[in-house]
Amino acid sequence: MRFLLDVNALIALAHTDHEAHSTTTKWFARTAQHAEVFFTCAITELGFARVSVQARLEPDVDAAKRTLGELRKSSSVPFKIVGDDIGIEMLPTAIRGHSSITDAHLILLAKKYGAKLATLDTGIEGAELIS
């Protein structure tokens, strides 16, 4: 299996203070037994840095970069950043609100690479709910 980790999954994995850290690390350990690769992309990595600094989980962007690098290195399953050429014109017409734009984009990106989007967010059709 291949998984594209969304922003909240990356944050929960990397930060022990996150309320879903325990749940996410258990999911990660179970999943790593049969996963081929964990993907990230520009959106998820930049979101990780932005939220980590904004929520004061990291003091600055350089620290967020280091933390993400340490997460990659600590994994027995390789992490790979994937390219993203999915523009707005490719989003489904069924998107109804601003809160589902990034989710729909990441679902499309995951499908492009033969992966499932791994998330803590409920209600995203086609995603793997981390539990």
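Student: Which residues is W27 in contact with, leaving aside its neighbours within four places in sequence?

Tutor: In this predicted model, W27 is in contact with F3, L5, F38, A118, E128, I130 and S131. Contact here requires heavy atoms within 4.5 Å.

Student: What cluster does W27 belong to?

Tutor: An aromatic one. F3, W27, F28, F38 and F79 form one aromatic cluster.

Student: How many aromatic pairs are there?

Tutor: The count comes to seven aromatic pairs. Rings pair if their centres lie within 6.5 Å.

Student: Why is the pair of F28 and F79 called tilted?

Tutor: Take the distance, then the angle. The ring centres of F28 and F79 are 6.2 Å apart, and the limit for a pair is 6.5 Å. Their planes stand at 35°. Stacked needs under 30 degrees, and edge-to-face needs over 60. The value of 35° fits neither, so the pair is tilted.

Student: What makes this a link between distant parts of the chain?

Tutor: F28 sits in helix α2 and F79 in strand β3. They are 51 residues apart. Both F28 and F79 are buried.

Student: Where does helix α2 lie?

Tutor: Helix α2 covers residues 21–32. It lies across β1, β2, β3, β4 and β5. Its direction is at about 130° to β2.

Student: What is the order of the strands in the sheet?

Tutor: The order is β3-β2-β1-β4-β5, in an open sheet of five strands with parallel pairing.

Student: Why are β3 and β5 called edge strands?

Tutor: Each pairs on one side only. β3 spans 79–81, and β5 spans 128–129.

Student: How do you know that β4 and β5 pair?

Tutor: Count the bridges. A pair needs at least two bridges. Two bridges join β4 to β5, and these strands run parallel. T119 stands opposite L129 in β5.

Student: What joins β1 to β2, and β2 to β3?

Tutor: Three bridges join β1 to β2, and three join β2 to β3. Both meet the requirement of at least two. F39 appears on both sides of β2: it is the bridge partner of L4, and it stands opposite K80 in β3.

Student: What makes both faces of β2 covered?

Tutor: Look at the side chains. V37 and F39 lie on one side, F38 and T40 on the other. These four are all buried.

Student: Why is L117 called buried?

Tutor: L117 has 1% relative accessibility. Buried means under 20%, so L117 counts as buried. L117 is in strand β4. Beyond its neighbours within four places in sequence, L117 is in contact with nine residues listed by name: L4, D6, D103, L106, I107, A110, I124, A127 and E128.

Student: How far apart are L117 and A9?

Tutor: In sequence, 108 residues. In space, 9.9 Å, C-alpha to C-alpha.

Student: Why does T44 count as buried?

Tutor: T44 has 0% relative accessibility. That is under the 20% cut-off, so T44 is buried. T44 lies in helix α3. Leaving aside neighbours within four places in sequence, T44 is in contact with L5, D6, V7, L10 and L106.

Student: Why does R56 count as exposed?

Tutor: R56 has 76% relative accessibility. Exposed means over 50%, so R56 qualifies. R56 is in the loop between α3 and α4. Its phi is near 60°, a positive value in a residue other than glycine.

Student: Why are α1 and α4 called roughly perpendicular?

Tutor: They pack at an angle of about 80°, with axes 10 Å apart. The range for roughly perpendicular is 65 to 115 degrees. About 80° falls inside it, so the name fits. L10, L13 and A14 of α1 make the contact with T67, L68 and L71 of α4.

Student: Which residues have the most contacts inside the largest nonpolar core?

Tutor: L5, L10, W27, F38 and F79, in a core of 21 residues. The elements giving two or more residues are β1, α1, α2, α3 and α4. α1 gives the largest share, five residues. Another core of 14 residues lies apart from this one, with V37, F39, A115 and I124 among them.

Technical notes:
Residues numbered from 1 in each chain as written. Predicted model: local features only at pLDDT ≥ 70, side-chain atom pairs only at ≥ 80, totals over all residues. Heavy atoms only, no water. Axes fitted to C-alpha atoms, helices over the stretch in contact; angles between N-to-C directions. Phe/Tyr/Trp six-rings, centres within 6.5 Å; stacked < 30°, edge-to-face > 60°. Buried < 20%, exposed > 50% of the residue type's maximum accessible area, 1.4 Å probe, protein only. Core = buried A, V, L, I, M, F, W, Y, C linked by side-chain atoms within 4.5 Å. Parallel < 35°, antiparallel > 145°, perpendicular 65-115°, else oblique.
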